[in-house]
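Colleague: I am new to this structure and would like to learn how to read it, step by step. Could we look at it together?

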Amino acid sequence: MKKKTWLDREKMMDKIEKYVKNIKATIFLLINTSKVLFACIVILNSISGVIITTKLYIWKEVIDAVTQVLQGSGEKKYDSIIFYLCLHFFVSAIDYIISSVVCYIQNLYGEYLDKNITEMVIKKISKLGLKDFEKTGNYNIIQKVNDFSLNRSISILNTIIQLIKAVASIAGTVVLLWKVNKILIIIVMLSNIPLLVVNNKIYDKWYDVLDKRYEKLRLIQALKGLCIKYENIKELKVFNVINYIGERISEIYSKNIYEDTITRKKFMYQTIFLYTMDLVVLYIIKLYCIIKSVVQRYSLGSLLTYVQTIDVLKNALNNMMEMISKTYEDSLYIANLFEFLEIEESEEGTLDFGNKINKIEFTNVSFRYPNTKTDALKNFSFLFEAGKTYGIIGLNGSGKTTLIKLILGLYNIENGVIRVNEKEMNQIQKRQYWELVSVIFQDFIKYPFSFIDNMTIADHNVDFHKDDIDNVVNIVGLSHLVENLPEGYYTNLGKEWKDSVELSLGQWQKLALTRALLKKSNMIILDEPTASLDALTENTIFNHLFKSNNKKITIIVSHRLKNVKGADKIVVLKNGEICEVGSYKELMEKKGEYYKLYVLQEKEVAKNNDTI
Ligand code: ADP
């Protein structure tokens with residue numbers, strides 16, 4: 001039993017420590033976002049808090065003056081009534097002005113905070129490696145940051161505003177009540193602690209509940225996203241999947257609601273009991289004040305003020321406790337942002353490898369993805385040289401894309417070594433390296449920008465010559481399309497956006513290819529970028545690359561074996577290993593794996609042509 005209490009205390013201290021750390025970091029974030037706005041909010045809310053008690057005090061004077069007039073003691077009291085009433089009006093007006101200014105600042109601050117957090121997150125993402133995204137837990141953190149950080153930091157800002165106001169008004173009421181009874185103040189303050197404890201427990205529990213549910217909630221978001229995506233509508237309609245998805249979503253919601261009903265009921269009983277006890281204590285205190293006022297013959301104004309002051313103090317304390325619990329809850333969520341910002345970044349290489357990629361050499365490289373049991377690439381040794389073209393082929397899962405990712409230096413290698421111009425890939429400056437590389441993946445990005453922006457985004461600082469652009473567009477066969485677009489090259493693309501034009505998948509793919517072809521590079525890599533293109537168009541594009549006689553390293557991954565015929569060397573991958581290497585002629589003569597696959601594919605094509 002003793003051990004449990006000790007463990008509980010340890011756990012509680014740990015929670016408090018984390019809470020303080022997160023709140024400190026959040027305040028730092030708020031100050032960093034705008035020092036001026038933060039200072040304004042602190043000052044204005046402190047004034048606003050003090051005004052609450054100032055108004056109470058002035059009102060006491062008004063009532064005392066009225067009482068004296070009613071008792072017929074002194075004509076001058078009319079002047080006092082007018083004076084204190086004007087003063088009350090003046091202070092109330094200031095209070096309204098401050099509230100409006102705080103509201104204005106609060107909204108503005110929210111926008112700055114949004115901007116600041118977004119910039120911080122994007123900057124951090126740009127520094128993270130592909131591997132960092134794949135580490136267990138990191139992806140969930142990134143998603144949570146995306147989902148909660150902004151709302152929760154705005155919520156902390158609002159809570160801090162309330163908290164400052166509450167503290168200032170508590171200070172004011174304590175000054176007013178000091179003369180009446182000091183012990184009274186302590187009793188009022190202590191009576192709020194049970195509420196704080198219970199509220200924190202409630203928020204803690206909710207965070208745990210939502211944290212455990214997070215994967216499921218993300219699934220709901222993903223399913224909703226599936227249903228509203230334009231390109232999905234066709235399949236969803238024909239397969240009648242929308243209703244099925246709706247049922248899956250409802251199932252999750254129903255389970256959550258059932259669980260929540262039980263927990264919420266439990267908390268409701270607890271809070272009803274506590275608030276009732278709290279009210280009992282409050283009214284005992286009020287009774288005590290009335291008795292004391294009668295015994296000590298206080299004025300009516302004083303009696304009213306003391307009772308009201310206790311109400312204000314109690315409200316401010318309740319508010320403060322509520323706000324502390326709220327910041328506690330927010331801090332649990334915002335902790336994800338700080339955890340995300342603290343993710344250790346892979347060390348950036350510093351080695352200079354020259355201003356051109358001459359060769360990339362793999363020596364006994366083996367690579368395994370995090371949390372997997374087999375190597376995606378095994379004992380791979382190969383030399384890629386400038387001025388040569390390479391075709392990479394293999395069945396699905398044979399390691400083609402993994403090889404491309406390693407050529408691109410997207411992962412640090414632990415087994416074997418990759419050298420760029422004799423310099424170890426792990427240690428070279430990646431930014432410099434990527435500036436010399438052009439790549440297009442199978443899952444290329446459709447940027448919601450104009451046609452021309454989609455073409456030049458990889459080299460967005462370069463001023464391209466119109467002829468170069470026309471030439472590349474012509475190679476991929478998009479000239480006719482551009483001529484027919486409403487704004488030509490400047491037409492915005494994407495179905496979801498206003499005044500935009502949607503392209504077919506094949507057209508998007510060709511557009512992505514122009515991006516790779518246009519970028520001024522030393523190495524061009526096309527990782528099955530032509531899956532949605534017909535064999536003829538793919539052949540034309542590849543032949544252009546094979547015959548363009550440039551001094552680049554050209555690497556093409558394709559499932560159409562015939563189309564990599566023109567490559568100087570074809571690498572055949574099987575289960576992550578090199579199975580064969582050679583020119584088309586050599587591989588066909590060898591009658592090995594490439595030959596087998598080639599013949600099989602040719603037969604397929606012939607069969608399809610017959611059926612057509
Ligand atoms: P290919 O491009 O030839 O289809 P990949 O290189 O994509 O093959 O994949 C090779 C192997 O590595 C496959 O078994 C695949 O499941 C695995 N793999 C690929 N990407 C990842 C990843 N991010 N995490 C874990 N395993 C992966």
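Colleague: Leaving aside neighbours within four places in sequence, which residues is Asn116 in contact with?

Modeller: Contact means heavy atoms within 4.5 Å, and by that rule Asn116 touches Leu29, Asn32 and Thr33 once its neighbours within four places in sequence are left aside. This is a predicted model, in which local features need pLDDT of at least 70 and side-chain atom pairs count only at pLDDT 80 or more, while totals for chains, interfaces and linings use all residues. Residues are numbered from 1 along each chain as its sequence is written, and side-chain values use heavy atoms, with hydrogens and water left out.

Colleague: Is Asn116 buried or exposed?

Modeller: Buried means under 20% relative accessible area, exposed over 50%, and partly exposed in between, with a 1.4 Å probe and protein chains only. Asn116 has a relative accessible area of 17%, so Asn116 is buried.

Colleague: Which polar atoms lie close to the ligand's oxygen atoms?

Modeller: A polar contact is a pair of N or O atoms within 3.5 Å. A polar backbone atom of Ser398 is 3.1 Å from an oxygen atom of the ligand, a backbone N or O atom of Thr401 lies 2.9 Å from a ligand oxygen, and a side-chain N or O atom of Thr402 is 2.5 Å from an oxygen atom of the ligand.

Colleague: How much of the ligand's accessible area does the protein cover?

Modeller: Using the Shrake-Rupley method with a 1.4 Å probe, the protein covers 61% of the 570 Å² that the ligand has on its own.

Terms used. Polar contact = N/O pair within 3.5 Å; in protein donor to acceptor, adjacent residues only side chain to side chain.
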